[in-house]
Amino acid sequence: MPKIPTSAELLEAIKRMTPQEAQQALRHRIVPISWEPGRVTYVAAGERSKAYATGKGLEVSAITNERTMLRELQAGQESELMGYAVAGLTNRYPDLSAAQPFGAKQSLWLALGLALIAFGVMWDRPTSAVVAFTVMLALFLLMAGLKLWCLLPAKLPRAPLAMKIDDADLPVYSILVPLLREARLAEQTLRAMQAFDYPHAKLDIKLVLEAEDKATRQVFEEQRLPPYMEVILVPRGMPETRHKALNYALPFARGELLAVYDADSVPAADQLRRVAGTFALAPKTVACLQTQVGFINRNENWLTRQCALDYAHHFKLLFPRLAKFGAPLPFCGASIHYRTQMLRQLGAFDAHNVARDSGLGLRLARLGYRTALIPTLTREEAPPRLRDWLTQRVRWTRGALQTAIVNLRSPVRLWRELGARNFLLTQALTLGSIIVALAHPFFLAWLATTSVLIVLDQPAAPQLWLFLQALYGIAAALAFMITMTATARSSLFLGRGFSWVATILTAPVYWLLVSLATWLAVLHYFTGTRRWTKTPHGITRIRPQIGPKDEKKPAETEKKPTAGTYKAVEKKPPAAVTKTQRPEPEKTAAVKTPVKELEKRPLVSAERTPHKEAEKQPVAEKSLARLISKL
């Protein structure tokens, strides 16, 4: 075997690669080192890369260190990687990128709108006030109607059984974990990623760190990472966003499926298996699966309980209704699973959008793909301190505003691509919620002022205004009752007790805090930078349970099968049965079903399954079919 190439020789070979060779090198760590007529030899990084090259019929002449290969790949492909991370979406779909805050047409319409408002106020102030309050009331009623719509039943289907697919048929799964100033959570992150019940040979976990984050880098350098984990260092550069880091690491992912987790994410151990089974059953148009997200410290204090109510409303009421109608889902940013190839084709993440992937959810819908909600849980940490919560909420709202502005560059085109119903739902959830949050304090102040004047028997307004005020008051009371009902319904998923009753009754205070965060977000959008603000993690007093809980098992139970296999239990000879004893019924062994057989089943088609055939299907697959048939 020829000598191992030096770093300089390896770097020179990397710079000479074609785009196709560079793509293969980044994912599988094999680099063409020698070009001869009719013969190309490669250098591989480790035994896994050598096995991949052998399987592809490629000749390996040398094996080098994996860290050396990764370092030289990043150095040799630095401009290409940074260009893809920053401008990948802008180059592919410039109209769907938030790189430019406002388009020329949007700026013109915004200027005309502000001019008309100023002219109306100066021309006829009372009429302008009536119109403004009427529009505001209509928006409040729209949001209340959306809350009422969420109260309608929309039961989620069951996820496929975790052990349904054999290990040999499972796809390679890549996981991206962006980390910034997370030294205190490094150990928890590693334990959560190592707790997955998934074959290690099929795992590809990338810990994405910023190059200037020396504290977090030092912690992971001191750790002995398993072979399926590696650290990707993102060079410093603008924009400094989480999405840019994900884009930088995406070319290194070698999995067919890809998941994104945060440093504080603690997913269920069988989540990857369930998601892989769902993707195998789903049609190819389902490009993304969003899991349910809860909080580790939901009962820590008043603020974390309010956050838990907010998430319960989204994941238990709103998202199932949206998924049932095939509407775009505003992603939560973590615990999202994608088909990797489709994610690359769609331009990946928007490096200029600070939202937690809501822009990507709309882009999927606009380009003809669908998102489904799968009932498997990932737990995270809710901000227990007000300043941390405010920072996080401002960033989320800024991102939602960016998403709304980007998608309203061509509203007619957006209407055609989404359809009338999904267009209205999208506008209500993005721009409508922002406008309502901005107007909420002024609406309350107006109602309070009018009520005080009426109680004091002061001339508050003419008869028309009194009628409008009474109408507004009734509508506001109705909207308040509906919203409180939705909040109370959400609390049923969280727990019982006086603390939750007090949380529900004080929810209006939380809404005022949301309004404050919305005003700050709008001001930051028009005056501040596009930098991604960090939410600190690891400050809660509550530590998560990672891995399966220790439970007492019955005296006679089946042995837990190894991953991807099913074995019948070896039965012991039956003991003598007395008159008072009855023999237990025999337990049947489970049956494994490969992916190829799952894909042939008719329940994943877009057409509805006939009733008689549906009765013969397993419950989990029937429930999943109901969801998929509506996509």
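This is a short tour of one protein chain, from its overall make-up down to a few single residues.

## The whole chain

What you are looking at is a predicted model. The protein has 631 residues, and 51% of them count as buried. Its secondary structure comes to 23 helices and eleven strands. If you look at contacts between residues with a separation of 6 or more, 79% of them link residues 24 or more positions apart. On the outside, the protein exposes about 32000 Å², with carbon and sulfur atoms supplying 61% of that area.

## The sheet

A good place to start is the open sheet, which is built from eight strands. Reading across, the order goes β6-β5-β4-β7-β10-β9-β11-β8, and the pairing is mixed. At the edges stand β6 (229-234) and β8 (266-267). Each has a single partner strand, so one side of each is left without a neighbour in the sheet.

How do the strands of a sheet hold on to one another in general? They pair through backbone hydrogen bonds, in a parallel or an antiparallel way. Here, β7 (residues 257-260) and β10 (residues 336-339) run antiparallel, and four bridges join them. To find this pairing on screen, look for Ala259, which stands opposite His337 in β10.

Which helices lie across these strands? One is α10 (residues 242-249), which lies across β4 (173-179), β5 (203-210), β6 and β7. Helix α10 runs at about 125° to β6. Another is α12 (residues 302-324), lying across β9 (286-295) and β11 (370-380). The angle between α12 and β9 is about 150°.

## Backbone details

Between β6 and α10 there is a loop, and Pro239 lies in it. The peptide bond leading from Met238 to Pro239 is cis, with omega near 0°.

Two residues that are not glycines have a positive phi: for Arg29 the angle is about 60°, and for Ala348 it is near 60°. Arg29 has its place in the loop between α2 (19-28) and β1 (30-36). Ala348 lies in the loop between α13 (340-345) and α14 (358-366).

## Buried or exposed?

Here are four residues from this report with their relative accessible areas.

| Residue | Relative accessible area | State |
|---|---|---|
| Ala13 | 0% | buried |
| Arg29 | 4% | buried |
| Ala348 | 0% | buried |
| Val455 | 70% | exposed |

Ala13 is worth a visit. This residue is found in helix α1 (residues 7-15), and it counts as buried because its relative accessible area of 0% is under 20%. What does Ala13 touch, leaving aside its neighbours within four places in sequence? The answer is Val31, Pro32, Ile33 and Trp35. Along the chain, Ala13 and Leu73 are 60 residues apart, yet their C-alpha atoms are separated by 9.9 Å.

Val455 tells the opposite story. You'll find Val455 in helix α17 (residues 420-455). With a relative accessible area of 70%, Val455 is over the 50% mark and therefore counts as exposed. Together with Val452 and Leu456, Val455 makes a nonpolar surface patch of about 310 Å².

Key:
Residues are numbered from 1 along each chain as its sequence is written. This is a predicted model: local features need pLDDT of at least 70, side-chain atom pairs count only at pLDDT 80 or more; totals for chains, interfaces and linings use all residues. Side-chain values use heavy atoms; hydrogens and water are left out. Two strands pair if DSSP finds at least two bridges between them. Helices (H or I, at least four residues) and strands (E, at least two) are DSSP runs, numbered from the N terminus. Contact means heavy atoms within 4.5 Å. Axes are lines fitted to C-alpha atoms, for helices over the stretch in contact, and angles run from 0 to 180 degrees between N-to-C directions. Patches are made of residues with over 30% relative accessible area and no salt bridge: like charges are joined within 9 Å, nonpolar side chains (Val, Leu, Ile, Met, Phe, Trp, Tyr) within 5 Å. Accessible areas come from the Shrake-Rupley method with a 1.4 Å probe; for residues, only the protein chains shown count as cover. A salt bridge is a side-chain nitrogen of Lys or Arg within 4 Å of a carboxyl oxygen of Asp or Glu. Buried means under 20% relative accessible area, exposed over 50%, partly exposed in between (1.4 Å probe, protein chains only).
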